[in-house]
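Reader: I would enjoy a close look at one part of this protein. Could you pick a pair of neighbouring strands, start there, and then work outwards to what surrounds them?

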Amino acid sequence: MLSISGDNDASAIAEFINDPEDSRLKDRKFEQVPAVGATADGKHIFVAWYSGGAAPGPGNYVTLSVSQDSGNTWLNDQLVVYPSDQSYRLFDPAIWRDNTGKVHLFYGSAKNSLIWDGFGGVNSVEISWDGKKISNSKPVRISDGVMSNKPVYLTSKNVALFPVYIDKPLTGTKSEMAFPQNGVFIYSKDFSKSPNRLQLSPYASIQIDEELRIHDEPQVVEISDMGECLAMLRTTKGIYYTKSSDFGKTWSQLQPFTASGPTTSSRFYLGKLSSGNLLLVSNNSTTRNKMTAFLSKDGGKTWPHKLLLDARENVSYPDADQTSDGNIHVVFDRERTGARDILYCRFTENDFLNGNSSAVFKNRVNK
């Protein structure tokens, strides 16, 4: 299991900018890896992604937009997490509303162009919108590795699971010396013991053959309150899956995921809706096109209902959240260095059941 070491003072490596007109935010060569999350009442939707610099590497920063009208309009750059030292990169955001209603922003940190350098890790702040600006708590570093996905709350246990991963190291670097094998690790937070602190404990790991590994980007969902969980991971051969019958403590051998059709080596979204049905958003293809939402009513065994969100090429890295009004909010990127789109879609479970892709509301988040 990973140790929690390295950049313990998350405040020392990040500056928080509330001025959308700050000159440091203007020259963007790329925009990518969006995340979405809403407040408990659904009145405010946050979308985060990262940009900055010529490419993924030193100088990357995370930027947040907010919508106050269910995604119809967006205010951009309302909070930017900017590296205090330009040798750092801040990247791969995730947004999560916990079981108490607090909204958390997570982001990765590492030096130079690495994804994990044996030193950086996952950082967290609480965020809220007061009608004029996004406020944030003091950042804390919660683990090594990268977490470009939402944690999952196990209702029956009052515990949240945090799946993180470690990328393969670069030869001759500190990351090579610190590299743990089989790079998916699950941490837990017990809300009954420390409800107000994001203090994590080692919980489990998922074994992956090294030849399948790329950016693991694991996601976990609870299937039942009897301990059944499903995890999906990105591999070099598309999406693979594994199951647990003991609340994610142990996992079955990884297998190719084929139940929704073809998949590609790219991040996807897996989660549970308020109805108990499962939502999967992924490329319904062996390449990064045909961004599609799928619905399962049987715990992920079959995915008969689907909505095509975007048939174009170079669409990738979806994330989703559902608000109390039943709306499902999805974001993904398109042509990261070309169009540089951060795209938003809104639909409901009834749209799935009616097979009505034309009912999906679509918008572009970034200007």
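Author: Happily! Let's begin with strand S21 (residues 289-296), which is joined to S22 by six bridges, the two running antiparallel. This is a predicted model, so please read everything below in that light. Within the pair, Thr 292 is the residue that stands opposite Leu 308 in S22.

Now step back to the sheet around them. S21 and S22 belong to an open sheet of four strands, ordered S19-S20-S21-S22 with antiparallel pairing. Its edges are S19 and strand S22 (305-313), each of which pairs on one side only. On average, neighbouring strands here are turned by 10° against each other, direction ignored.

The edge strand S19 leads us on to the largest pocket. Strand S19 (269-272) supplies at least two residues of that pocket's lining, and so do strand S6 (88-97), strand S11 (152-154), strand S15 (219-222) and S23. The pocket holds about 830 Å³ of space. Its lining is made up of 33 residues, and those nearest the centre are Trp 96, Arg 97, Tyr 153, Lys 272 and Asp 321.

From the pocket, S23 takes us to another open sheet. Here four strands follow the order S23-S24-S25-S26, and the pairing is antiparallel. Strand S23 (315-322) and strand S26 (361-364) are its edge strands, each pairing on one side only. The twist from one strand to the next averages 20°. Inside this sheet, strand S24 (residues 328-334) pairs with strand S25 (residues 341-347) in the antiparallel sense over seven bridges. His 329 has Arg 346 in S25 standing opposite.

Finally, a word on the nonpolar cores. In soluble globular proteins, nonpolar side chains tend to be buried together. In this model the largest nonpolar core has 45 residues, and Phe 46, Leu 64, Leu 105, Ile 127, Ile 186 and Trp 251 have the most contacts inside it. Strand S7 (residues 103-111) contributes the largest share, four residues. A second, separate core has 19 residues, including Leu 279, Val 281, Phe 347 and Phe 352.

Trp 251 deserves a last glance. Leaving aside its neighbours within four places in sequence, Trp 251 is in contact with a list of residues that includes Ile 186, Ala 204, Ile 206, Val 220, Cys 229, Leu 230 and Ala 231. Ser 205, Thr 242, Lys 243 and Ser 244 are also among the contacts of Trp 251.

Terms used
Residues numbered from 1 in each chain as written. Predicted model: local features only at pLDDT ≥ 70, side-chain atom pairs only at ≥ 80, totals over all residues. Heavy atoms only, no water. Core = buried A, V, L, I, M, F, W, Y, C linked by side-chain atoms within 4.5 Å. Buried < 20%, exposed > 50% of the residue type's maximum accessible area, 1.4 Å probe, protein only. Contact = heavy atoms within 4.5 Å. Pairing = 2+ DSSP bridges. Axes fitted to C-alpha atoms, helices over the stretch in contact; angles between N-to-C directions. 1 Å grid on protein atoms, 1.4 Å probe; cavity = no way out; pocket = protein on both sides within 12 Å on 5 of 7 lines; lining within 4 Å. Points joined across faces, edges and corners; volume = space filled by probe spheres on them.
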